[in-house]
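Colleague: I have just opened this entry and would like some help finding my way around. Could we go through it together, one feature at a time?

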Amino acid sequence: MKNTVEQISLNLEQTFEKQSNFIDFMVFNPIIKKIMGYELGDIMSYTKELNENIEPTLWYYTNINMELKEVNFYSEYTGKQIGNFIYSSEQVRNLNWYQSAKMSNQTEWSYDEDVLFVTHNIMKSNNTTFAGVLYVRLDKDRIFEKMDELNTKSDYGIIITDRNQQVVYSSASSGVEEENIADHIVGASSGQINIGHKEYSLVKSDIERPGWTLYYYTPVKSMIVDTSSILTAMVSIIVVCILILLLIIWIFTKTLVQPIYKLKKKIRVVEEGDFDILIHSNSKDEIGELTNSFASMVRRIKELLGQVYQSGIMEKEAELKALQAQISPHFLYNTLSIINWRAVQVEAEDISLVVNALSKFYRTSLNNGKQLTSIRDEILNIQAYIDIQLAMHDDQLFDVTYHIEEELYPYQTINFILQPIVENAIKHGIDEKEDGKGMLIIEAYTYNDDIRFVVSDNGKGMDQEQIEQLLYSNGTGYGLKNVHERIKLYYGEAYGVSIESELNVGTRICIDINKRSFL
């Protein structure tokens with residue numbers, strides 16, 4: 001409503017400014033001043049100026065400015081009408097509007113008996129002597145016709161009052177008499193007022209040039225109805241916007257969030273150790289590039305793990321070779337001593353036995369540098385080692401029993417895994433036994449679809465701390481720890497060496513490997 005009122009006031013202001021400019025042009029025109037003051041000397045000069053300058057100008061303005069209905073100049077110095085626009089002031093000299101214009105130096109906008117007119121005094125050329133008054137009657141219907149077009153709804157109304165709060169213009173409002181409306185509205189402030197049991201919202205604005213006031217009133221009920229329709233439209237627009245937003249979110253989720261979620265699931269699979277999962281994206285955006293980069297990283301990690309695995313195997317093989325190369329010189333010395341001692345004796349058969357056992361032991365131990373060997377050769381290796389030990393102990397220290405399932409002979413195993421365990425059983429078990437003869441049992445059998453080797457002795461036995469030291473430390477028993485790590489590295493964490501022992505009773509060492517045919 002405020003914007004509407006301001007626009008109406010601006011339109012009227014522009015209309016009145018056009019009339020005001022015409023009036024200023026006339027009252028300050030030097031020729032008009034001379035004519036109105038009768039300063040031209042003779043009637044011929046007077047008539048000539050009128051015909052050549054003033055009247056053509058006035059006819060031009062009245063023809064192009066349709067709001068100008070009548071233009072009259074009332075002079076104090078002419079006693080009769082001259083031309084079409086100059087009149088004597090005698091007939092209007094006593095009227096209120098004439099006296100008001102005479103006393104004022106400003107344009108006076110007046111409304112009287114449904115006539116809208118404007119007046120302004122005219123001074124002589126010296127600008128000090130009053131010469132007369134310009135009277136301009138305006139076409140009220142033309143000036144206010146745009147407001148009549150604007151006020152298409154009868155419930156809306158416009159009232160315009162002059163400086164004296166006299167109603168200049170009023171539009172009809174249904175249900176309430178016009179006078180009653182004016183009585184309530186004229187002089188009221190903007191806000192809400194009650195007229196004829198109806199509540200109205202009122203906005204007023206000043207029209208500065210004529211000094212008038214415009215009142216614009218609207219029934220509150222009609223505003224509420226209009227507001228409801230606006231709110232309905234707004235809610236509809238909001239619902240449509242929400243639906244569009246949901247569609248955008250769905251598209252965003254489909255194109256961006258879902259690929260990220262899929263990539264996250266594959267990352268979790270890789271975290272759990274599965275590096276064989278297929279990771280690939282055909283998308284050309286940043287998520288696709290990230291997915292393919294991650295796939296390249298996983299492939300590289302898998303290659304590096306394979307290299308580390310092979311490096312570990314090679315390291316253990318090097319340790320084995322170093323261990324094989326570092327066979328106790330003392331053991332070799334004792335063996336050679338036995339050979340030498342037996343050589344002194346006449347019994348050449350015993351010498352042959354030891355030499356053959358020693359030869360078999362070295363052959364199966366070295367295994368031509370290969371890591372894997374058959375179970376048959378591993379058993380032959382340990383038999384040769386035990387024969388040498390029996391020869392060194394004069395067959396008096398312990399007895400040996402073998403329980404080997406013959407169907408296991410074709411299967412493969414890691415080379416040189418029984419000798420360190422048998423050596424520990426003899427050296428730290430049977431040799432340290434305080435009384436009685438030692439017993440050594442070598443077993444090989446199928447266990448839970450795998451293969452189990454068992455080395456048992458009735459020697460000194462061990463406590464739990466010694467067992468932990470044998471399996472996990474680099475001190476005494478390095479060969480046993482080496483065997484345990486090599487088996488886990490080659491067969492996996494489910495396999496390896498386990499020890500059961502009791503002090504002064506004996507020790508039982510189990511070696512579990514996967515059942516694989518020898519190739």
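Colleague: Let me start with the inside. Which residues have the most contacts inside the largest nonpolar core?

Modeller: Happy to help, and please keep in mind that this is a predicted model. The core to look for is a set of buried nonpolar residues joined through their side chains. Here the largest one has 43 residues, and Leu12, Phe73, Phe144, Ile160 and Leu214 have the most contacts inside it. Helix 1 (residues 2–27) gives the most to this core, with eight residues. A second, separate core has 39 residues, among them Ile451, Phe453, Leu480 and Ile487.

Colleague: What is Phe144 in contact with, leaving aside its neighbours within four places in sequence?

Modeller: Its partners are Leu12, Leu116, Ile160, Val168, Tyr169 and Trp212.

Colleague: Now the strands. How many residues of strand 5 are buried?

Modeller: A useful general idea is that side chains in a regular strand alternate between the two faces of the sheet. Strand 5 (residues 130–138) is mostly covered, with eight of its nine residues buried. It pairs antiparallel with strand 1 (residues 68–75) over seven bridges, and Ser75 has Gly132 of strand 5 as its bridge partner. Strand 5 also pairs antiparallel with strand 4 (residues 115–123), over eight bridges; there, Val118 is matched with Val136.

Colleague: What connects strand 4 and strand 5?

Modeller: The two form a hairpin with six residues between them, and Asn127 in the turn has a positive phi of about 60°.

Colleague: How should I read a salt bridge, and which residue does Arg137 pair with?

Modeller: In general, side chains of opposite charge can pair when their charged atoms come close. A search of the whole structure gives 13 salt bridges. In one of them, Arg137 pairs with Glu70, with the closest N and O atoms 3.0 Å apart. This pair links distant parts of the chain, since Arg137 is in strand 5 and Glu70 in strand 1, 67 residues apart.

Colleague: Why does Arg137 count as partly exposed?

Modeller: The class covers values from 20% to 50%. Arg137 counts as partly exposed because its relative accessibility is 23%. Glu70, at 26%, is partly exposed too.

Colleague: Which residue forms a salt bridge with Asp399?

Modeller: That is Lys437, with the closest N and O atoms 2.9 Å apart. Asp399 lies in strand 12 and Lys437 in the loop between helix 12 and strand 14, so the pair ties together parts that are 38 residues apart in sequence. Asp399 is partly exposed at 33%, and Lys437 is partly exposed at 39%.

Colleague: In what order do the strands of the five-stranded open sheet come?

Modeller: To read a sheet, follow the strands from one edge to the other. The order here is 12-14-15-17-16, with mixed pairing. Strand 12 (398–404) and strand 16 (496–502) each have a single partner strand, so one side of each is left without a neighbour in the sheet. From one strand to the next, the twist averages 10°. Strand 15 (residues 450–457) and strand 17 (residues 506–513) run antiparallel and are joined by seven bridges, with Val455 opposite Ile509.

Colleague: Which strands does helix 12 touch?

Modeller: Helix 12 (residues 419–430) packs on the sheet and touches strand 12, strand 14, strand 15 and strand 17. Helix 11 (residues 375–392) lies across strand 12, strand 14 and strand 15, at about 170° to strand 12.

Colleague: Finally, which element has the lowest mean pLDDT?

Modeller: Helix 9 (residues 329–344) does, at 57, whereas strand 15 has the highest, at 95. The mean for the chain is 81, and 83% of its residues reach 70 or more.

Terms used. Residues numbered from 1 in each chain as written. Predicted model: local features only at pLDDT ≥ 70, side-chain atom pairs only at ≥ 80, totals over all residues. Heavy atoms only, no water. Pairing = 2+ DSSP bridges. Helix = DSSP H or I, 4+ residues; strand = E, 2+ residues; numbered from the N terminus. Axes fitted to C-alpha atoms, helices over the stretch in contact; angles between N-to-C directions. Contact = heavy atoms within 4.5 Å. pLDDT = per-residue confidence, 0-100. Core = buried A, V, L, I, M, F, W, Y, C linked by side-chain atoms within 4.5 Å. Buried < 20%, exposed > 50% of the residue type's maximum accessible area, 1.4 Å probe, protein only. Salt bridge = Lys/Arg side-chain N within 4 Å of Asp/Glu carboxyl O.
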